[in-house]
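These exercises concern one protein chain, shown below. Work through each task with the structure open, then compare with the solution.

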Amino acid sequence: MVTLACNTGQHLTSQLLNSYLHLNMRDICPHGYADEDLNHCAHFVSHVLNVAAGSITCRGMSATKAAGRIGVCIRVHELFAACEEVGFYKDASAGQLASGVFVFVCAKNNPVRFQPRSFQNVPRKHVGIGLGGEIWHYSNGKDMVVTATPDDFRKHYAKQINELYFGTFPKNSFPSSLNCGR
Ligand SMILES: [Zn+2]
């Protein structure tokens, strides 16, 4: 595991993302919202970026709330709606990909709207953080943070044709390494 000093105002880097690599949600969520039967993809990326958007947070769902730590977004479609800018992944600019974006995957025929932003709340949807051609995401099958290439991520749901979307990080979000979040 990579250990980084906590400092605010840092940029998203692969080193920062690697501080979470191969960890289980119980090591990431300060509120202990880590049931392995649940889907933690939005939960993971929201802890990295400190995104408290949405109708319910991990803190609200937990009986063991940690003092002084915010709860973060746990629903993919609510995270999508909170992004500053969204679009097809292939249309993300080089600058956006280099500074980091959320990467969403779902069936190609799932109705996804960019303006206003909406994402049908279907069961098969997943999100990770894309940076420099690599995607960090929470594997609910392996119960830990893993990396994938965009091509692999597109095949996340093997029995359907998928589409990839990007979303830029919501206003007031900022990246933090493990145990350094708000
Ligand atoms: Zn949490």
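**Exercise 1. The sheet**

Task: Establish in which order the strands form the open sheet, and which strands are at its edges.

Solution. The model is a predicted one.

Step 1. Six strands make up an open sheet, in the order β1-β8-β2-β5-β6-β7, with antiparallel pairing.

Step 2. β1 (86-88) and β7 each pair on one side only, and are therefore the edge strands.

Step 3. From one strand to the next, the twist averages 30 degrees.

**Exercise 2. Bridges along the sheet**

Task: Cross the sheet from β1 and give the number of bridges for the pairs that can be documented, with one residue pair where possible.

Solution.

Step 1. β1 and β8 run antiparallel and are joined by three bridges. Val86 has Gly167 in β8 as its bridge partner.

Step 2. Six bridges connect β2 to β8, again antiparallel. Here Val105 stands opposite Leu164 of β8.

Step 3. Between the antiparallel strands β5 and β6 there are four bridges. Ile129 has Trp136 in β6 as its bridge partner.

Step 4. β6 is joined to β7 (residues 144-148) by five bridges, and the two run antiparallel. Trp136 is bridged to Thr147 in β7. Trp136 thus appears in a bridge with Ile129 and in a bridge with Thr147.

**Exercise 3. Placing α2**

Task: Decide whether α2 is enclosed or open, and describe where it lies against the sheet.

Solution.

Step 1. α2 lies across β2, β5, β6 and β7, and runs at about 30 degrees to β5.

Step 2. The residues of α2 that count as buried are Cys41, Ala42, His43, Phe44, Val45, Ser46, His47, Val48 and Leu49.

Step 3. Since nine of its nine residues are buried, α2 is largely enclosed by the rest of the structure.

Step 4. Just after α2, Asn50 takes a positive phi of about 55 degrees.

**Exercise 4. The nonpolar core**

Task: Name the residues that touch the most other members of the largest nonpolar core, and the elements that supply at least two residues each.

Solution.

Step 1. The largest nonpolar core has 49 residues, and those touching the most other members are Val45, Leu79, Phe102, Val103, Phe104 and Val127.

Step 2. At least two residues of this core come from each of α1 (14-18), α2 (41-49), α4 (76-82), β2 (101-107), β5 (125-131), β6 (134-139) and β8 (162-167).

Step 3. Take Phe104 as an example. Beyond its neighbours within four places in sequence, Phe104 is in contact with Val76, Phe80, Lys125, Val127, Leu164, Tyr165 and Gly167.

Step 4. β8 is mostly covered, with five of its six residues buried.

**Exercise 5. Buried or partly exposed?**

Task: Classify Leu16, Asp143 and Asn179 as buried or partly exposed from the count of other C-beta atoms within 10 Å.

Solution.

Step 1. The cut-off for a buried residue is 20 or more such atoms; 12 or fewer make a residue exposed, and counts in between make it partly exposed.

Step 2. Leu16, in helix α1, has 22 other C-beta atoms within 10 Å and so is buried.

Step 3. Asp143 has 14, which makes it partly exposed. Asp143 is in the loop between β6 and β7, a hairpin with four residues between the strands.

Step 4. Asn179 has 15 and is therefore partly exposed. Asn179 is in the segment after β8.

**Exercise 6. Backbone geometry**

Task: Describe the backbone at Asp143, at Asn179 and at the peptide bond from Gln115 to Pro116.

Solution.

Step 1. Asp143 is not a glycine, yet its phi is positive, near 55 degrees.

Step 2. Asn179, also a residue other than glycine, has a positive phi of about 65 degrees.

Step 3. The peptide bond from Gln115 to Pro116 is cis, with omega near -5 degrees. Pro116 lies in the loop between β3 (112-114) and β4 (117-119).

**Exercise 7. The chain as a whole**

Task: Test whether the radius of gyration of the protein agrees with that of a compact globule.

Solution.

Step 1. A compact globule of 182 residues would have a radius of gyration near 16 Å; the protein has 15 Å, so the two agree.

Step 2. Along the principal axes, the C-alpha atoms fill a box of roughly 40 × 30 × 30 Å.

Step 3. Among contacts with a separation of 6 or more, 67% are between residues 24 or more positions apart.

Step 4. Of the 182 residues, 42% count as buried.

Terms used:
Residues numbered from 1 in each chain as written. Predicted model: local features only at pLDDT ≥ 70, side-chain atom pairs only at ≥ 80, totals over all residues. Core = buried A, V, L, I, M, F, W, Y, C linked by C-beta atoms within 7 Å. Contact = placed C-beta atoms within 7 Å. Axes fitted to C-alpha atoms, helices over the stretch in contact; angles between N-to-C directions. Rg over C-alpha atoms; globule rule 2.2 N^0.38 Å.
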